[in-house]
Amino acid sequence: MDWSRLSSNDKLAVYGAVAVIVGGLVGLGAAAYGVVAVLAAVGALLVVFLPQLSPATNLPGSKGSLLLVLGAIAAIILVLGLLNVLGALGFLLQFAAISTLFYLIAVAGSVLMAWAGWQAFQAEGGQLRLGTTARDTEGHGTPRDEDAAPRS
């Protein structure tokens, strides 16, 4: 992995994803919604690093679209979870300070990941491209030479 080949949006997405993973594992414990956010962060890391690790592998969509979707999933889940415990935040900081601080780090990381996904999405032209197309698949859906030439 070559860190210098990553764009600034990719680096932001990596920082956010690492914050979500570390904060989620330490701060959320076994909360079900936290597991989904952590899986979205792992997916974002795969989207960023897979083109470098395996250049022959095609992503199922554009990098910006995938980062936007994964960042939005993590941010929506964790921000809604934060709104759910907002009334008890003082109590949680008093009696479970470390866990609560790591949870807040995970929330901030998810928002950063969503922001980086939005920036990458806008840099690609702002069109949501998910799934594979006929030209992305190797050998499938492409016309053969004898099919392309008109017959007389």
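Colour the protein chain by accessibility to begin: of its 152 residues, 36% count as buried. Keep in mind that you are looking at a predicted model. Now switch to a cartoon view. The chain has six helices and zero strands, so from the N terminus on you simply read α-α-α-α-α-α. If you draw contacts between residues at least 6 apart in sequence, 75% of them join residues at least 24 apart.

**Stop 1: H1 against H2**

Select residues 8-27 for helix H1 and 32-53 for helix H2. These two pack at an angle of about 150°, and their axes are 9 Å apart. An angle over 145 degrees counts as roughly antiparallel, and H1 and H2 are therefore roughly antiparallel to each other. Their crossing is left-handed.

Show side chains at the seam. From H1, pick Asp10, Ala13, Val14, Ala17, Val20, Ile21 and Gly24. Across from them in H2 sit Ala37, Val38, Ala41, Val42, Ala44, Leu45, Val48 and Phe49. Sorted by type, the residues of this contact of H1 with H2 come to 13 nonpolar, one polar and one charged.

**Stop 2: H2 against H3**

Keep H2 and add helix H3, residues 63-85. The angle here is about 160°, with the axes 9 Å apart, and H2 and H3 are therefore roughly antiparallel too. The crossing of H2 and H3 is left-handed.

On the H2 side, select Tyr33, Val36, Ala37, Ala40, Gly43, Ala44, Val47, Val48 and Pro51. On the H3 side, select Lys63, Leu66, Leu67, Leu70, Ile73, Ala74, Ile77, Leu78 and Gly81. The residues of the contact of H2 with H3 divide into 15 nonpolar, two polar and one charged.

**Stop 3: Lys63 and Asp10**

Stay on Lys63 for a moment. How many salt bridges does a search of the whole structure find? It finds one, and Lys63 forms it with Asp10, with the closest N and O atoms 3.2 Å apart. Lys63 lies in helix H3 and Asp10 in helix H1, so the pair ties together parts that are 53 residues apart in sequence.

Bring up a surface and check both partners. Is Asp10 buried or exposed? Asp10 counts as buried, at 7% relative accessibility. Lys63, at 23%, counts as partly exposed; the cut-off for buried is under 20%.

**Stop 4: Leu78**

Slide along H3 to Leu78. This residue is buried, with a relative accessible area of 0%. Which residues does Leu78 touch, not counting those up to four places away in sequence? Light up Val20, Leu28, Tyr33, Ala37, Tyr103, Ala106, Val107 and Ser110. You already have Val20 on display from the H1 seam, and Tyr33 and Ala37 from the H2 side.

For a distance to draw, go from Leu78 to Ala108: they are 30 residues apart in sequence and 8.9 Å apart in space, C-alpha to C-alpha.

**Stop 5: H1 against H5**

Hide H2 and H3, and bring in helix H5, residues 97-123. H5 packs on H1 at an angle of about 155°, with their axes 7 Å apart. H1 and H5 are therefore roughly antiparallel to each other, and their crossing is left-handed. The residues of the contact of H1 with H5 divide into 17 nonpolar, nine polar and no charged.

While H5 is on screen, select Thr100, which lies in this helix. Thr100 is buried, with a relative accessible area of 6%. Not counting residues up to four places away in sequence, Thr100 touches Leu89, Leu92 and Leu93.

**Stop 6: Leu128, out in a loop**

Follow the chain out of H5 and stop at Leu128, in the loop between H5 and helix H6 (145-148). Is Leu128 buried or exposed? At 52% relative accessibility, Leu128 counts as exposed, the cut-off being over 50%.

Show its neighbours next. Leu128 touches Ser65, Val69 and Phe121, not counting residues up to four places away in sequence. To finish, draw a C-alpha to C-alpha line from Leu128 to Ser62: the two are 66 residues apart in sequence and 7.9 Å apart in space.

How values were computed: Residues numbered from 1 in each chain as written. Predicted model: local features only at pLDDT ≥ 70, side-chain atom pairs only at ≥ 80, totals over all residues. Heavy atoms only, no water. Axes fitted to C-alpha atoms, helices over the stretch in contact; angles between N-to-C directions. Helix = DSSP H or I, 4+ residues; strand = E, 2+ residues; numbered from the N terminus. Parallel < 35°, antiparallel > 145°, perpendicular 65-115°, else oblique. Left-handed = near helix turned anticlockwise from the far one by under 90°. Nonpolar A, V, L, I, M, F, W, Y, C, P; charged D, E, K, R; others polar. Buried < 20%, exposed > 50% of the residue type's maximum accessible area, 1.4 Å probe, protein only. Contact = heavy atoms within 4.5 Å. Salt bridge = Lys/Arg side-chain N within 4 Å of Asp/Glu carboxyl O.
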